[in-house]
Amino acid sequence: MTGASIETTLELWASSLRDVKSRMRGLFTQERVAASAGLFLDGLLGDERRKTGWMRAEAAGDPGPWRQQAILGRGRWDAEALRDIARDYALETLTDEDAVLVIDETGFLKQGKASCGVNRQYTGSAGKITNCQIGVFAAYVSRHGHAFIDRALYLPKSWTNDPVRMKRAHVPAGTAFATKPELAVTMIERAITAKAPFSWVAADSVYGVGAIEQALRRAGKGYVLGVNSNHHFASWGVIPPVAGTAEGIAKSLEPGAWQRLSAGEGTKGARLYDWAYCPLADLDAAEYDAQRSGLWTRGLLIRRTIADGDLAFFSTWCPQGTTIEALVLVEGRRWAIEDSFETTKNELGLDHNETRSWHGWNRHVSLVMLAFAMMATIRHKANMTPPKTVWRLRL
């Protein structure tokens, strides 16, 4: 945060913290519980490396972790309402019509079998199959910053097929198995219903085909979605025609089809790759929604790493005439959700939840979402605020 003075930044922190605590207040029927929730938020934002119940209690001046644990467990309040508060709060500052909604998942490493949703499954957080929970997240990414606006705990079939286990973890009655793409579609639809302004969705290959594509076409949203190398593409009405697997198409391209473009600025400067784009077909938006009009282009975007030639593939959908440069920048926005996971785990204790229940996970994660949205808001406002001029008299 380089724009504001230290004094202004501290004022922003104080006023923003009062603001978010005020927004949370209506979720709690008792003042003491609301106060404990505020102290929980203070603990997440504190400088303790571990955000465990004991660490948060010590920071709050409590004799033990019981009040902190009660916020996640025994208390009666709606985590879904807090999720919506975090979303609306973030959108007040980050809103932009050209924003990208980024979908991705992260793992929460766990011991034992009792924590809701825990299973031996692959997580990129560890780079292997291990005992963990998986959370699917939606991040709102715009030129003003980025923050999480939704989340869902993935429940494997080993959980949804076991009513006793589901009940013991307090999973809401009637909760059925949903794939990760199905969870993503629900979050996309929830963002649209909430009138969150965005033009694009970006995601990796876990979410790159099927229901998400159809939902976004009906909603009039563009997308850049990762697909596997063996995903088949075929063009129509395009000369010369394009057909084959994504990898096969990439290998058949002439050297002149590639362009070196930046996917945005990273910590070490421009993130440069070689890119190629194959338009596959122009379709009328009315085919998916009778109330929409105009031509949209379905295409294949290919990214090649400069150092080793490693390839990545993306199914795209965009208004006719959208440039490859625009599609590359949309794909480049995916880095923001990785930054979000890293920041919330390292600084806000996203993966420090000690509860085992469904509502414990959702409450903890929603509180972290609100804290992270507050940080994004402060960062944007601080960078927009010119530093105060300090006048010194020369003696």
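1. In this predicted model, P181, A184, V185, I188 and I192 of helix α8 meet A211, I212, A215, L216 and A219 of helix α9. Sorted by class, the residues of this contact of α8 with α9 come to 10 nonpolar, with no polar and no charged residues among them. A reader new to the structure may wish to begin here, since several later remarks return to α9.

2. As for the geometry of this pair, α8 spans residues 180-193 and α9 spans residues 211-219, and their axes come within 9 Å of each other while crossing at roughly 15°. That angle makes α8 roughly parallel to α9, because angles under 35 degrees count as roughly parallel. The crossing of α8 and α9 is right-handed.

3. Which residues of α9 are buried? They are I212, E213, A215, L216, R217 and A219, and the elements that cover them include helix α8 together with the strands β5 (200-203), β6 (222-227), β10 (269-284), β11 (295-304) and β12 (311-319). Of the buried residues, I212, A215, L216 and A219 also appear in the contact with α8. Just after α9 comes G220, which takes a positive phi of about 75°.

4. A second helix pair is formed by α1 and α2, the latter covering residues 31-45, and these two pack at an angle of about 140° with their axes 10 Å apart. That makes α1 oblique to α2, and the crossing of α1 and α2 is right-handed. On the α1 side the contact involves W13, L17, V20, K21, M24 and R25, and these meet E31, A34, A37, G38, L41, D42 and L45 of α2. The residues of the contact of α1 with α2 divide into eight nonpolar, one polar and four charged.

5. Helix α1, which runs over residues 6-25, also contains S16. Is S16 buried or exposed? With a relative accessibility of 4%, S16 counts as buried, because the cut-off for buried is under 20%. Leaving aside residues up to four places away in sequence, S16 touches Y89, M374 and I378.

6. The third pair to examine is α12 (residues 335-347) with α13 (residues 358-384), whose axes come within 11 Å and cross at roughly 110°. At that angle α12 and α13 are therefore roughly perpendicular to each other, and α12 passes α13 in a right-handed crossing. The contact is made by S340, T343, T344 and E347 of α12 and by V368, F372 and M375 of α13. By class, this contact of α12 with α13 has three nonpolar, three polar and one charged residues.

7. Finally, how many disulfides does the model contain? The count comes to zero disulfides, under a rule that asks for a pair of cysteine sulfur atoms within 2.5 Å. For C116, the closest cysteine sulfur is that of C132, and because the two sulfurs are 13 Å apart they are too far for a bond. For C318, the closest cysteine sulfur belongs to C278, and this sulfur is likewise 13 Å away, too far for a bond. As to their surroundings, C116 counts as buried at 0% relative accessibility, and C318 counts as buried at 1% relative accessibility.

Key
Residues are numbered from 1 along each chain as its sequence is written. This is a predicted model: local features need pLDDT of at least 70, side-chain atom pairs count only at pLDDT 80 or more; totals for chains, interfaces and linings use all residues. Side-chain values use heavy atoms; hydrogens and water are left out. Buried means under 20% relative accessible area, exposed over 50%, partly exposed in between (1.4 Å probe, protein chains only). Axes are lines fitted to C-alpha atoms, for helices over the stretch in contact, and angles run from 0 to 180 degrees between N-to-C directions. Helices (H or I, at least four residues) and strands (E, at least two) are DSSP runs, numbered from the N terminus. Angles under 35 degrees count as roughly parallel, over 145 as roughly antiparallel, 65 to 115 as roughly perpendicular and the rest as oblique. A crossing is left-handed if the near helix is turned anticlockwise from the far one by less than a right angle, and right-handed if clockwise. Contact means heavy atoms within 4.5 Å. Ala, Val, Leu, Ile, Met, Phe, Trp, Tyr, Cys and Pro count as nonpolar, Asp, Glu, Lys and Arg as charged, and the others, Gly among them, as polar.
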